[in-house]
Amino acid sequence: MTTYRLTQYAHGGGCACKIPPGELEEMVGGLRVESPSGATAQLLVGLDSGDDAAAVRLDGDTALLATTDFFTPVVDDAYDWGRIAAANALSDIYAMGGRPVMALNLLGWPRDVLPFELATETLRGGLDVCAEAGCHLAGGHSVDDPEPKYGLAVTGVADPNRLLRNDSGRAGVPLSLTKPLGVGVLNSRHKATGERFDNAIEAMTTLNAEASASALAAGVQCATDVTGFGLLGHLYKLARASGVTAVIDSTAVPYLDGAREALAAGYVSGGTRRNLDWVAPHVDLSGISEDEALLLADAQTSGGLLIAGEIPGAPVIGELVSAGPHAIVVR
């Protein structure tokens, strides 16, 4: 049987293939509109702060959340790719303090290049992760595509009065991170060499459900997840939206085994470098090396939650303080 390395059929991989954050903000910056007349629900979270999911209030007790995420293969194994892509898409619901209810498949497939058996394995991976999340996966959409792509459109529910938002950060609150960084450089090494990193796959397929529930139980109001824009990128969006400065202790940030070695060997994606270029004018990086800055900007796929608060098992990596000349200060 022919062995296919899925990462070789895509120009990028995982969340590192996202449109760069600066270009994305320029593209959608003018898309602010008033609520449509006759709307059946009140919009609670939309484009304004670049939060993880959209939210509307259906009634006094229920908010409806909606999000979508899909990307090119981040690993060679089709089943693992499906699991990772599904966990990543579901994460946006958890990052808002919600519970996923239903998802739809989004599949792009080069039908004349890759066998449909691999597409089936990808879909099976997504199905298994949705089952773990207690989320229905019902149908979806597929297209003939030059590159393989997979992800989900997800609908969830939440308490509209207890949403986790990226614009609710307050000075004096600690910052916690629920997953170690480093999957970006490890995935880049995997794409280049074929080496398999089980620790990265385990991190990317771990749902953020427990972390989200713990944040809500602790009374947390502000959170986001760490994906393609890296820790610095997503933290910058949080600090900017909340009108605060984030101070990061670089020695407290956890990393996956092998991440520093992959960085030293040069396995840095273009997405990571673009992340750093975007945030650099807004971050005081004078206290760390360029390598450390690249790790903090590393484009994550299905990363953890970045929480303004403390929860069991998540290291505190910094705090929010009153707004200063920089949105982020790294020490």
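Helices and strands here are DSSP runs, numbered from the N terminus, and contact means heavy atoms within 4.5 Å. With that in hand, let's walk through this predicted model.

**The sheet**

Six strands make up an open sheet, ordered 1-2-3-6-4-5 with mixed pairing. At its edges sit strand 1 (42-45) and strand 5 (136-144), each of which pairs on one side only. From one strand to the next, the twist averages 20 degrees. As a general reminder, strands of a sheet pair through backbone hydrogen bonds, either parallel or antiparallel. Strand 4 and strand 5 run parallel, and seven bridges join them.

**Helices on the sheet**

Two helices are worth a look alongside these strands. Helix 2 lies across strand 3, strand 4 and strand 6, while helix 3 packs on the sheet and touches strand 4, strand 5 and strand 6. Their directions are set out below.

| Helix | Residues | Reference strand | Angle |
|---|---|---|---|
| Helix 2 | residues 78-95 | strand 3 (63-71) | about 150 degrees |
| Helix 3 | residues 116-133 | strand 4 | about 170 degrees |

**A closer look at Met 102**

Met 102 belongs to strand 4, which spans residues 99-109. Across from Met 102, in strand 5, stands His 136. Is Met 102 buried or exposed? Neither label fits: its relative accessibility is 35%, so Met 102 counts as partly exposed, given that buried means under 20% and exposed over 50%. Met 102 also joins Val 101 and Leu 104 in a nonpolar patch on the surface, and together the three have about 210 Å² of accessible area.

Conventions
Residues are numbered from 1 along each chain as its sequence is written. This is a predicted model: local features need pLDDT of at least 70, side-chain atom pairs count only at pLDDT 80 or more; totals for chains, interfaces and linings use all residues. Side-chain values use heavy atoms; hydrogens and water are left out. Patches are made of residues with over 30% relative accessible area and no salt bridge: like charges are joined within 9 Å, nonpolar side chains (Val, Leu, Ile, Met, Phe, Trp, Tyr) within 5 Å. Accessible areas come from the Shrake-Rupley method with a 1.4 Å probe; for residues, only the protein chains shown count as cover. A salt bridge is a side-chain nitrogen of Lys or Arg within 4 Å of a carboxyl oxygen of Asp or Glu. Helices (H or I, at least four residues) and strands (E, at least two) are DSSP runs, numbered from the N terminus. Buried means under 20% relative accessible area, exposed over 50%, partly exposed in between (1.4 Å probe, protein chains only). Two strands pair if DSSP finds at least two bridges between them. Axes are lines fitted to C-alpha atoms, for helices over the stretch in contact, and angles run from 0 to 180 degrees between N-to-C directions.
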